[in-house]
Amino acid sequence: MKKILVVGGNGQLGNCIKKIAPDFELDYEFIFTDSQLLDVTDEDQVNSFFYDNKPDFCINASAFTAVDLAEKEKEKAFAVNADGVAYLAQACKEYNTVFIHVSTDYVFDGETNLCYSEDDFTSPIGVYGESKLKGEELALDANSKTIILRTSWLYSEFNKNFVKTMLHLFSQKEELGIVADQFGQPTNANDLADAIMNIIETPQKSYGIFHFSNYPETTWFEFAQKIAELSKSPIKLNALTTEQYPTPAKRPKRSTMCLDKIEEVYKIEPKHWENSLEECLDILHNNL
């Protein structure tokens with residue numbers, strides 16, 4: 001039986017993979033780790049863990065994702081998002097493990113009116129994006145059996161995310177301002193989990209960088225509007241500019257990614273973000 005190591009098993013994506021793991025248990029043994037069980041920034045610990053477990057696949061769902069905090073804690077962001085990725089990729093090479101690493105749309109500067117392809121020039125505008133890009137580069141350098149999945153605006157029924165934050169704020173406030181001039185693609189982490197398992201199940205692997213998200217592009221404001229509409233909230237939402245809502249880290253203005261490659265190579269068809277949002281809200285509603 002083949003082994004799948006999921007690093008960052010308690011994060012959004014890790015929890016979504018946990019949810020579907022029973023569907024694959026006849027073919028795969030899943031090993032889920034958190035930072036207590038496997039600290040990716042400790043090279044010796046990574047090597048020891050791989051020696052003991054020898055996984056066939058390693059899904060790196062761990063990351064330092066606090067975009068604003070990364071501006072203050074650059075060293076920590078790079079330790080997790082770059083050095084830790086390199087240690088995992090090197091261990092994967094040593095044990096002939098397929099490395100599936102999750103990255104971000106924040107590797108782009110957002111100064112375009114088009115969607116970004118996998119081959120487009122990267123130019124991150126914040127520490128988080130810089131650290132994630134460095135992780136991509138180190139992984140590809142270390143291990144030719146690396147698949148990088150760039151995703152965006154990840155949410156789910158698990159952990160902290162934009163959707164759950166909005167629902168909480170809707171219950172507390174009568175009015176809310178949301179940025180309306182930043183464009184991207186909300187992605188349900190359950191869909192990303194499905195895509196990853198689809199890739200693992202594909203016999204002939206294609207390696208390198210792929211983009212995966214829901215589609216089409218939208219703004220944070222329109223995303224919030226749809227959350228309010230589907231959750232039947234009476235909240236009054238006001239559109240803000242980026243300038244009206246300053247944050248420690250700059251965000252890309254338009255980080256929309258082209259999704260053709262993953263569809264062509266792995267036959268994975270991304271879903272419309274509104275449909276995936278509705279599915280998530282149904283789960284959250286039923287969990288109340």
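Here's a quick tour of the aromatic rings in this structure and who they pair up with. Keep in mind that you're looking at a predicted model. It holds 13 aromatic pairs. One of them is Phe-162 with Trp-220, a tilted pair with 4.8 Å from centre to centre and 50 degrees between the planes.

**Phe-162 and Trp-220: a link along the chain**
- This pair ties together distant parts of the chain, with its two residues 58 residues apart.
- Phe-162 belongs to helix α6 (residues 162-172), while Trp-220 belongs to helix α8 (residues 220-230).
- Are these two residues buried or exposed? Phe-162 and Trp-220 are both buried.

**Trp-220 and Phe-223: neighbours in a helix**
- Trp-220 also forms an aromatic pair with Phe-223, and that pair is tilted too: the centres are 6.4 Å apart and the planes make an angle of 35 degrees.
- You'll find both Trp-220 and Phe-223 in helix α8, three residues apart, which is about one turn of the helix.
- Trp-220 and Phe-223 are both buried.

**The cluster**
- Which residues join Phe-162, Trp-220 and Phe-223 in one aromatic cluster? They are Trp-153, Tyr-155 and Trp-273.

**Charges over rings**
- Lys-18 has its charged end sitting over the ring of Phe-32, 5.5 Å from the ring's centre.
- Over at Tyr-51, it's Lys-54 that lies over the face of the ring, at 4.4 Å from the ring centre.

Key: Residues are numbered from 1 along each chain as its sequence is written. This is a predicted model: local features need pLDDT of at least 70, side-chain atom pairs count only at pLDDT 80 or more; totals for chains, interfaces and linings use all residues. Side-chain values use heavy atoms; hydrogens and water are left out. Rings of Phe, Tyr and Trp (its six-membered ring) pair if their centres lie within 6.5 Å; planes under 30 degrees apart count as stacked, over 60 as edge-to-face and the rest as tilted. Helices (H or I, at least four residues) and strands (E, at least two) are DSSP runs, numbered from the N terminus. Buried means under 20% relative accessible area, exposed over 50%, partly exposed in between (1.4 Å probe, protein chains only). A charge sits over a ring if NZ of Lys or CZ of Arg is within 6 Å of the ring centre and within 35 degrees of the ring normal.
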